[in-house]
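Thanks for sharing this one with me. Here are my notes, point by point, to read alongside the model.

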Amino acid sequence: MKVLIVDDEEMIRGVLREYVEFEGGTAFEAADGMQAVKMCREDDFDIILMDIMMPRLDGFSAVKEIKKNKDVPVIMLSARSEEYDKLFGFEIGADDYVTKPFSPKEVMARVHAVLKRKNGEEANKDVVSFEGLTIDMAGRNVYVDGEKAELTPKEYEILFYFVKNKGIALTREKLLMDVWGFDFYGDDRTVDTHIKMLRSNLKQYRKFIVTLRGLGYKFEV
């Protein structure tokens, strides 16, 4: 989980960073909207926590600029609780709105709720793309930089399962149970072997399948 925290108050950024990292995420910081827009042009984030009142470029303007090129979830953070501000935030594409002062735990709960909703929407799409990797769920086709990848039926199933559970740590046992089924008699090496072949077919986009030492795997973009 890559989280961009945008706020001109260093203390607020620091507190939110601690909570993101405590929950296993990676936090990035921007002190104003201009810096946030620049960072979003250079990198991809799973979610943005965006303050509204900031120097150089306010949060609303930053979100509008970011949304021109990136479909990234945004939670607005503001000391302003007026209904107009909330409605305007939703109108420009914000997914949630938290009023200061807030509890960092509440913010993280909202982060997880937004990401869960986003991942659910993504999993229900017929076609999803992550950089140059395009996955056609309905047609059971996978394209790497425009070229069709030749995957085995089981590799398709594993990849689709990963996409539907993006960002979730998956044990080898869970993969065996959900992809191979209850009646499969095998061991963890079966999972590792198939994922090794899948990674090979995904070429440079193998990076999205992250190994969790001693646990299993996670599909992370």
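1. Let me begin at the end of a helix: H7 is followed by glycine 181, whose phi is positive, near 105 degrees. Please keep in mind here and below that this is a predicted model.

2. Staying with helix H7, which spans residues 172-180, which of its residues are buried? They are Arg172, Leu175, Leu176, Val179 and Trp180. Looking down the axis of H7, you will find these buried residues within an arc of 100 degrees, so they line one face of the helix.

3. Leu175 also turns up in the largest nonpolar core, which has 30 residues. Ile135, Val142, Phe162 and Leu175 are the members with the most contacts inside that core. Two or more residues each come from S6, strand S7 (133-136), strand S8 (141-144), helix H6 (153-164), H7, helix H8 (188-202) and S12. Which element gives the largest share? That is H6, with 7 residues.

4. Isoleucine 135 deserves a closer look. Leaving aside residues up to four places away in sequence, isoleucine 135 touches Asp126, Val127, Val128, Phe130, Asn141, Val142, Leu159, Phe160 and Val163. Another core, of 23 residues, lies apart from the largest one, and includes Ala36, Ile48, Ala62 and Val63.

5. On to the aromatic rings: how many aromatic pairs does a search of the whole structure find? The search gives 8. In one of them, the ring centres of phenylalanine 28 and phenylalanine 45 are 5.4 Å apart and the planes stand at 70 degrees, so this is an edge-to-face pair. The two partners are 17 residues apart in the chain, with phenylalanine 28 in strand S2 (residues 26-30) and phenylalanine 45 in the loop between helix H2 (33-42) and strand S3 (47-51).

6. Are these two rings' residues buried or exposed? Phenylalanine 28 is partly exposed, at a relative accessible area of 26%, while phenylalanine 45 counts as buried, at 10%. The cut-off for buried is under 20%, so the two residues fall on either side of it. Phenylalanine 45 has a further neighbour: the charged end of lysine 2 sits over its ring, 5.6 Å from the centre.

7. The pair of phenylalanine 130 and phenylalanine 219 is also edge-to-face, because the planes are at 70 degrees, with the ring centres 5.4 Å apart. This pair links distant parts of the chain, 89 residues apart: phenylalanine 130 is in strand S6 (residues 127-130) and phenylalanine 219 in strand S12 (residues 216-219). Both residues are buried. They belong to one aromatic cluster together with Phe162, Tyr205 and Phe208.

8. Finally, a few backbone spots to inspect. Most residues other than glycine have a negative phi, and most peptide bonds are trans. The peptide bond from lysine 100 to proline 101 is cis, with omega near -5 degrees; proline 101 has its place in the loop between strand S5 (96-99) and helix H5 (104-123).

9. Glutamate 131, in the loop between S6 and S7, has a positive phi near 55 degrees. Lysine 203 also has a positive phi, near 55 degrees. You will find lysine 203 in the loop between H8 and strand S11 (209-212), where this lysine is partly exposed, with a relative accessible area of 45%.

Note on methods: Residues are numbered from 1 along each chain as its sequence is written. This is a predicted model: local features need pLDDT of at least 70, side-chain atom pairs count only at pLDDT 80 or more; totals for chains, interfaces and linings use all residues. Side-chain values use heavy atoms; hydrogens and water are left out. Rings of Phe, Tyr and Trp (its six-membered ring) pair if their centres lie within 6.5 Å; planes under 30 degrees apart count as stacked, over 60 as edge-to-face and the rest as tilted. Helices (H or I, at least four residues) and strands (E, at least two) are DSSP runs, numbered from the N terminus. Buried means under 20% relative accessible area, exposed over 50%, partly exposed in between (1.4 Å probe, protein chains only). A charge sits over a ring if NZ of Lys or CZ of Arg is within 6 Å of the ring centre and within 35 degrees of the ring normal. The arc is that of the directions from the helix axis to the C-beta atoms. A nonpolar core is a set of buried Ala, Val, Leu, Ile, Met, Phe, Trp, Tyr and Cys residues joined through side-chain atoms within 4.5 Å. Contact means heavy atoms within 4.5 Å.
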